[in-house]
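Thanks for coming. I will go through one structure today, aromatic rings before the pocket.

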Amino acid sequence: MIRKLEVHIKEDAWLARMAAKRMGSTQMAMVVGRTIYLHGVSRQRFLEDTGWIRHEVCHVYQYRQYGILRFLWLYWREYRRHGYYQNAFEVAARAAERDPEVLRNIDFAPKV
C-alpha cells in the first residue's frame with residue numbers, strides 16, 4: 001500500500017504575504033517543506049484551482065527530493081541565475097500543472 005503524503009495548508013500566512021508583496025501580487029501560494037502558505041486566497045478557493053494545486057504540490061515533491069535546506073539553496077541559486085520564470089524549479093512546477101498524477105498520493109490537511 002502506498003502511503004499518502006500529508007500536505008498542510010496555512011491561510012493568511014505572513015510568509016506568503018511577504019512573497020506577494022515582493023512579486024507585486026494580491027494572491028500568493030508558496031511552499032516550505034510540506035506546507036502551502038496562502039495569502040489573498042482562501043483554502044477553499046485555492047483547492048478549486050487544480051492547476052495551482054498541482055504547481056504547489058510539485059514544489060512539495062521538490063522539497064522531499066532535496067531536503068529543505070538544500071532545496072532552498074538550489075532554488076535561490078536558480079533564481080539568481082535565471083530569474084523567477086526561467087528557474088528550473090518553476091519550469092517543472094508549471095509543467096506539473098497539467099499532470100493529474102501529481103495529486104495521486106496527496107492528502108490535504110489543515111495547518112495546526
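**Aromatic pairs and the largest pocket**

W52 is buried, since its relative accessible area of 18% falls under the 20% limit. Keep in mind that this is a predicted model.

F46 is buried as well, at 0% relative accessibility.

Now the pairs. There are 8 aromatic pairs in the structure. One of them joins F46 and W52: the ring centres are 5.2 Å apart and the planes stand at 75°, so this pair is edge-to-face.

Another edge-to-face pair is Y66 with F89, at 5.9 Å from centre to centre and with 90° between the planes. Which helices does this pair tie together? Y66 belongs to helix α3 and F89 to helix α5, so the contact links parts that are 23 residues apart in sequence.

As for exposure, F89 is buried, with a relative accessible area of 10%. Y66 has 25% and is therefore partly exposed.

Y66 and F89 also belong to one aromatic cluster, together with Y63, F71 and Y75.

That brings me to the largest pocket, with Y75 again. The space in this pocket is about 840 Å³. Its lining has 25 residues, and those nearest the centre are A19, M30, Y75, Y84 and E90. Which elements give two or more residues to the lining? They are α1 (14-23), β2 (28-32), α3 (50-66), α4 (68-82) and α5 (88-96).

By residue class, the lining of the largest pocket has 16 nonpolar, 4 polar and 5 charged residues.

That is the end of my part.

Note on methods. Residues numbered from 1 in each chain as written. Predicted model: local features only at pLDDT ≥ 70, side-chain atom pairs only at ≥ 80, totals over all residues. Heavy atoms only, no water. 1 Å grid on protein atoms, 1.4 Å probe; cavity = no way out; pocket = protein on both sides within 12 Å on 5 of 7 lines; lining within 4 Å. Points joined across faces, edges and corners; volume = space filled by probe spheres on them. Helix = DSSP H or I, 4+ residues; strand = E, 2+ residues; numbered from the N terminus. Nonpolar A, V, L, I, M, F, W, Y, C, P; charged D, E, K, R; others polar. Phe/Tyr/Trp six-rings, centres within 6.5 Å; stacked < 30°, edge-to-face > 60°. Buried < 20%, exposed > 50% of the residue type's maximum accessible area, 1.4 Å probe, protein only.
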